[in-house]
Amino acid sequence: PYDVLVVGGGPAGSAAAIYAARKGIRTGMACDRVGGQVLDTMAIENHVSTVYTEGPKLGAQYAEHMNAYEIDQIAGVQASRLVPGTDGELHTVEFEGGGRLQARQVIIATGARWRTLGVPGEADYRNKGVSFCPHCDGPLFKGKPIAVVGGGNSGVEAAIDLAGVTEHVTVVEFMDELKADDVLLRKLYSLPNTEVITSARTTQVNGDGQQMTGLEYEDRQSGEIRTLDVDGVFVQIGLLPNTEWLKDSSLELTPRGEIRIDERNATNIPGIFAAGDCTTVPFKQIVVAEGSGATAALSAFDEMIRTTAP
Ligand code: FAD
């Protein structure tokens, strides 16, 4: 068995595995893809100390950094169940296909995925106008008109943020009214370069083959199809944590499926920690995930030296 088993090999899982291995303890890392969401990212301009990099390059650097330590790396596997050990017993992680791994401490870092609209053009123009991350890609649309789909808190926060960078922001909401908090709505309505369209069902992302050129929606009152001439769209209809595999364990999840953690990245189960986008951490960013992976590993080590018989 491992002293520490990390499930997930994105920014959080890679950082956790490196920090654990540097303590000289037996460390395993099992994941589907090393790099995680970073692999789907073109330009990264906010990985502190690096002015510009690209996702696949950063993903390869995580692998290279883990290779420099004694970490058992198992990629291409899907965790399907967590069986927590009680009273100091080993914890077990089961994988699709029948494999299982055991460890004294487990760090869960299975990340998240953006909810997509599922309309024609969305996948074709991803990173060519279609974006999911305002903190990441906002500056790419400096001085240009854009749309935000989704009028909940994340959509309206995104619109307020993007109004400061882009030329004009149109918020497109399916329901008859925006669902964001009042304080955010007041801020949004106070901005001169924003507009809100409700009762609008997004139907298509238009493009010229290279770049997105517009967003089509159906006015749900009249049934009419309309087009917004925008250079970008930020889809803000939810981030889904990859925690479905934990649902029948006793690990505490929020109603949105995020793993509830404290400031030491501990979960409700002793010996099980979590880090990154799959948790209740309020900001879902690479440097935040890296930091939380490091915290989880240091906490796991700290707990281990306190609970192990001399
Ligand atoms: P993830 O990166 O999601 O990694 C999860 C890991 O768990 C992966 O290894 C995955 O294969 C594995 N996994 C998942 N489920 C299972 C399972 N059941 N069994 C085994 N393994 C599993 N952030 C920035 O800071 N700057 C940016 O410019 C930026 N741009 C982005 C652009 C896009 C298109 C996207 C999607 C995100 C972007 N982000 C950006 C956000 C950033 O990528 C995430 O916050 C970060 O990757 C989260 O790291 P993580 O390790 O928590 O999770």
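User: Which atom of the ligand is 3.3 Å from an N or O atom in the side chain of glutamine 78?

Analyst: A polar contact is a pair of N or O atoms within 3.5 Å, and here a nitrogen atom of the ligand is the partner of the glutamine 78 side chain at 3.3 Å. On the backbone side, a polar atom of aspartate 32 is 3.1 Å from a nitrogen atom of the ligand, while a backbone N or O atom of glycine 10 lies 3.4 Å from an oxygen atom of the ligand. This is a predicted model, in which local features need pLDDT of at least 70, side-chain atom pairs count only at pLDDT 80 or more, and totals for chains, interfaces and linings use all residues. Residues are numbered from 1 along each chain as its sequence is written, and side-chain values use heavy atoms, with hydrogens and water left out.

User: How much of the ligand does the protein bury?

Analyst: With accessible areas from the Shrake-Rupley method and a 1.4 Å probe, the ligand taken alone exposes 1,000 Å², of which the protein buries 96%.

User: Which residues around the ligand come nearest?

Analyst: A residue is near a molecule if one of its heavy atoms lies within 4 Å of it; of the 34 residues around the ligand, Arg33, Asn46, Ala79, Cys136 and Ile286 come nearest. By class, this shell has 15 nonpolar, 13 polar and six charged residues, with Gly counted among the polar ones.

User: What is the volume of the second largest pocket, and which residues are closest to its centre?

Analyst: Rolling a probe the size of a water molecule over the atoms shows where empty space is left. A pocket is an open set of points on a 1 Å grid where a 1.4 Å probe fits, with protein on both sides within 12 Å along at least five of seven lines, and lining residues have an atom within 4 Å of a point. The second largest pocket has a volume of about 690 Å³, and of its 22 lining residues, Ser154, Glu157, Gln236, Arg256 and Pro282 are the closest to its centre. The lining comprises nine nonpolar, seven polar and six charged residues.

Key. A polar contact is a pair of N or O atoms within 3.5 Å; within protein, one must be able to donate a hydrogen and the other to accept it, and residues adjacent in sequence count only if both atoms are side-chain atoms. Grid points are joined across faces, edges and corners, and a volume is the space filled by probe spheres set on the points.
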